[in-house]
Amino acid sequence: MLLTDIKNFLLENNYPSFRYKQIEKNYNSGRYNNFLEMSDLPKDLREILNEKFPYISVVEDKFQSELGTKKALLKLSDGLEIETVLMDYDQWITACLSTQVGCSLNCQFCATGKMGFKRNLTTEELLDQIRYWNIKIYPKYIGRIVFMGMGEPFLNYDNLLESLNHIDIGARKISISTAGIIPKIIEFANLKTQYNLAISLHSVFQKTREELMPITKTYNLDELIKACHYYANTTNRQLFFEYALIKNVNDSQKDLDAVINLLKSNKLFYLNIITLNPVKGSNLQPSDKLKLFETELTKKHINFSIRRSFGQKIDAACGQLAYNTDIC
Ligand code: SF4
């Protein structure tokens, strides 16, 4: 259910406009599990809403927690399941949302890719992951959103954009990560929004990237980099490159030099180094060159940070989400 459905219903039935504002506030607060609990609304309206509109489209099937990281397996109305993650160890509580059930892109370091693609999530299912967490952690609330869970956000572009229109959090606190769907990067750049965009890069060489991320065969690296410059120059926003350090794959001096050259080519490029998280069924190993990369990148005055990785024990870290890890 989208709040616009309720808004239209209230308008059509001549309810005063403040009722919508009340409902919207209640709905996004995480305080209530259903409309009947909203005691600031007239009883008859609560009952009508309860009868007419399903409150939330996802149901918790399994919940796990490791220190500040929480992961939930959510069942959708057709019985398919997705994972969604909450990270509570920063200034802001961050929700990492899935955009698809499974993923067609089959990146070699990712558990979701090994599931194959089932379907896109609806706008409602995207938003209800936020609502689920707000209810779960009330009275705390989510301060940041990252679309970095299961699926490729730019292959569910319309629903993604629609969901962004409904999220009650500032655009600068919302990040979207793409494996490199070039036409959508251009389209997104042309919207000139304030959202953060991250590119899963992982290698600056076509051949290595193709092996890690088969999508590179369709959207090659040179064209991707051109699109990245276009995005940064059009939006004047920083563009984030995600780079998981993988032993003997992308951690050589040659890789490091190429990364430095790329980052120096645009002042708006920013590098996030991630240590690879182990995925069942993959031979890829985390690199031991993190310190070397850190020292060299610092020396060359590259804008970068090293992303801490949490939630490995519950398979909630980057690249580990899959609702049935037996298949990995
Ligand atoms: S890393 Fe992202 S795009 Fe690649 S297979 Fe996993 S979910 Fe899909």
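## A helix across the sheet

Across which strands does helix α4 (residues 123-137) lie? In this predicted model, helix α4 lies across β2 (69-75), β3 (81-87), β4 (94-96) and β7, and its direction makes an angle of about 50° with β3. Another helix, α9 (residues 221-235), lies across β9 (196-200), β10 (239-245) and β11 (269-275), where it runs at about 140° to β10.

## The ten-stranded sheet

The strands just named belong to an open sheet of ten strands with mixed pairing, whose order is β1-β2-β3-β4-β7-β8-β9-β10-β11-β12. At its edges stand β1 (59-66) and β12 (304-307), each of which pairs on one side only. Ignoring direction, neighbouring strands of this sheet are turned by 20° against each other on average.

Within the sheet, strand β7 (residues 144-147) runs parallel to strand β8 (residues 174-178), and three bridges join the two. Ile145 stands opposite Ile174 in β8.

## The chain as a whole

Taken over its full length, the chain contains eleven helices and twelve strands, and its C-alpha atoms fill a box of roughly 70 × 45 × 35 Å along the principal axes. Its radius of gyration is 21 Å, which agrees with the value near 20 Å that a compact globule of 328 residues would have.

Buried residues make up 39% of the 328 residues. Of the contacts with a separation of 6 or more, 67% link residues 24 or more positions apart.

## Around the ligand

The ligand is surrounded by 13 residues, the closest being Cys103, Cys107, Cys110, Thr112 and Gly113. Sorted by class, this shell has six nonpolar, six polar and one charged residues.

How values were computed: Residues are numbered from 1 along each chain as its sequence is written. This is a predicted model: local features need pLDDT of at least 70, side-chain atom pairs count only at pLDDT 80 or more; totals for chains, interfaces and linings use all residues. Helices (H or I, at least four residues) and strands (E, at least two) are DSSP runs, numbered from the N terminus. The radius of gyration is taken over C-alpha atoms; the globule rule is 2.2 Å times the number of residues to the power 0.38. A residue is buried if 20 or more other C-beta atoms lie within 10 Å of its own, exposed if 12 or fewer, and partly exposed in between; C-beta atoms are placed from the backbone. Two residues are in contact if their C-beta atoms, placed from the backbone, lie within 7 Å. A residue is near a molecule or strand if its C-beta atom, placed from the backbone, lies within 6 Å of it. Ala, Val, Leu, Ile, Met, Phe, Trp, Tyr, Cys and Pro count as nonpolar, Asp, Glu, Lys and Arg as charged, and the others, Gly among them, as polar. Two strands pair if DSSP finds at least two bridges between them. Axes are lines fitted to C-alpha atoms, for helices over the stretch in contact, and angles run from 0 to 180 degrees between N-to-C directions.
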